[in-house]
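Open the model in a viewer and keep the selection panel at hand. The stops below go from a pocket to ring contacts.

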Amino acid sequence: MTALNNRYEFVLLFDIKDGNPNGDPDAGNMPRLDPETNQGLVTDVCLKRKIRNYVELTQGDNAGYAIYMQEKAVLNNQNKLAYEAQGLKHVAKKLPNKAEQAQSLTKFMCDQFFDVRTFGAVMSTEVNTGTVRGAVQIAFARSIDPVFPQEISITRMAVTNEKDVEKERTMGRKHIIPYGLYRVHGFISAALAEKTGFSEEDLELLWKSLTEMFEHDHSAARGEMASQKLIIFKHADKLGSAPAHKLFDLIKVTAKNPDVPARHFSDYNVEINPENVSINGVEIIDYANV
Amino acid sequence: MSKGIILKVWGDNACFTRPEMKVERVSYDVITPSAARGIVEAIHWKPAIRWIIDRIHVLNPICFENIRRNEVADMISQDKVKQAMNRGNLSELIYHVDDGKNRQQRAAVILKNVCYVIEAHFELTEHAEASDNEGKHIDMFRRRARNGQCFYQPYLGTREFTANFELIEDRTAIPRCHEQLNGEKDLGWMLWDIDFKNGMTPHFFRASMTNGIITIPSQKEIIL
């Protein structure tokens, strides 16, 4: 496990075709919208869920890559997970000091669970013991242009209850967005990674999960979702060498023809523009091209 | 106050949760001194220093929006972790987020399009050593803030609402507050900060905003 020596930020562009990327429980599961701009929103927790699912799927049996926040469907896989606990057991019993015990608990959780060291977890029955602040911080994703959710009525040629048998069929509703390109910003603190043990290997897995998470998340509701571009800002050192907002401003995503509704990723221009701004040795990495 | 710093912070959203409304979170109208301290500490902090927030300038009109999310009900219990460590297997250390019992839909009333200027200074604490002179820490903070460096990206109340930041070098360069904020506004009782030394005792203050500027009382004025 190699410790992280650089701060990172990233911009992920993902799109959706004829689907609902993230339903709003307050609006009858319509796609989330910013009511003022009609831009689509996808919450941070929605994306974290997909990262967890991806890691669980690909690393299921590997020690140290367990997922604490699980979806119910994979209950049985969990039992297979084994790990080496000798050293930890010893430490927890032997150290008399309470603070150190708490630390060993926190370390145990970080070592075992990918999501704890990546996103953090609140592990406190008492005040101030073992809250883990993860290395990775993800903001809300927002669509580049306003999105227009459509309500689609669908029918089912069967009924649920015997008494409805005369009706012959039932109606349902789906909400879809014909097309939306979303942009999300993420932050990785090397300083917090040091505390949780989030390593270079974990980082590589995170990049992979960001680009591949939608490949394993297909469902009737989602339509076609895909990661289109992952751009990584690698700072020269742990604390970083440039303000995050200035780096994000270097990535411009615009519709090629604003008068026509976009329906494909190729309807957008993505410009990575390091010219005008001094970027102090921040390396811009286009992940797909590495 | 020559040893002070002035930091501009802004972001799309923010949630400075009112402690009395934290199940379905409702944000305060403006950033709390405690959240402002957290932002400053994300850029530079050492046990040798204690940041003190002096003034907060609210640059944008106060505007709310509503968001509902699926959240989990519980925290990880320390005992369960201990048991798993002793047992040497993780099988019961899982949290099923889809389970109805563990899942809660919670709404949050959050702030939108916020921008603040934080004026702060620090004091040396009992952990300060001979090498901890004030100039060193001020210079470190300013250098980091100027270059966009931080220990972790600061955030506006909760981590999904990241904060952009920029050092303001000179008082005359502080942007003016929005004209909608002109006049006096009573913001009611707000969290001042939490006293971590005394069993997490929260302290409150009566916040009022004059032409967009909130003057934060000192510790002496708060703890009688």
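Start with the second largest pocket: select Arg142(A), Arg183(A), His185(A), Asp12(B) and Asn164(B), which lie nearest its centre among 22 lining residues. A pocket here is an open set of points on a 1 Å grid over the protein atoms alone, where a 1.4 Å probe fits, with protein on both sides within 12 Å along at least five of seven lines; lining residues have an atom within 4 Å of a point. This is a predicted model: local features need pLDDT of at least 70, side-chain atom pairs count only at pLDDT 80 or more, and totals for chains, interfaces and linings use all residues. Residues are numbered from 1 along each chain as its sequence is written, chains are lettered from A in the order in which they are written, and side-chain values use heavy atoms, without hydrogens and water.

Next, colour β9 (141-146), β11 (170-188) and α8 (244-248) of chain A and β1 (5-14) of chain B; each gives two or more residues to the lining of this pocket. Helices (H or I, at least four residues) and strands (E, at least two) are DSSP runs, numbered from the N terminus.

Now select Phe10(A) and Trp207(A), an edge-to-face aromatic pair at 5.6 Å centre to centre and 85° between the planes. Rings of Phe, Tyr and Trp (its six-membered ring) pair if their centres lie within 6.5 Å; planes under 30 degrees apart are stacked, over 60 edge-to-face, the rest tilted. Add Tyr8(A), which ring pairs link with Phe10(A) and Trp207(A) into a cluster.
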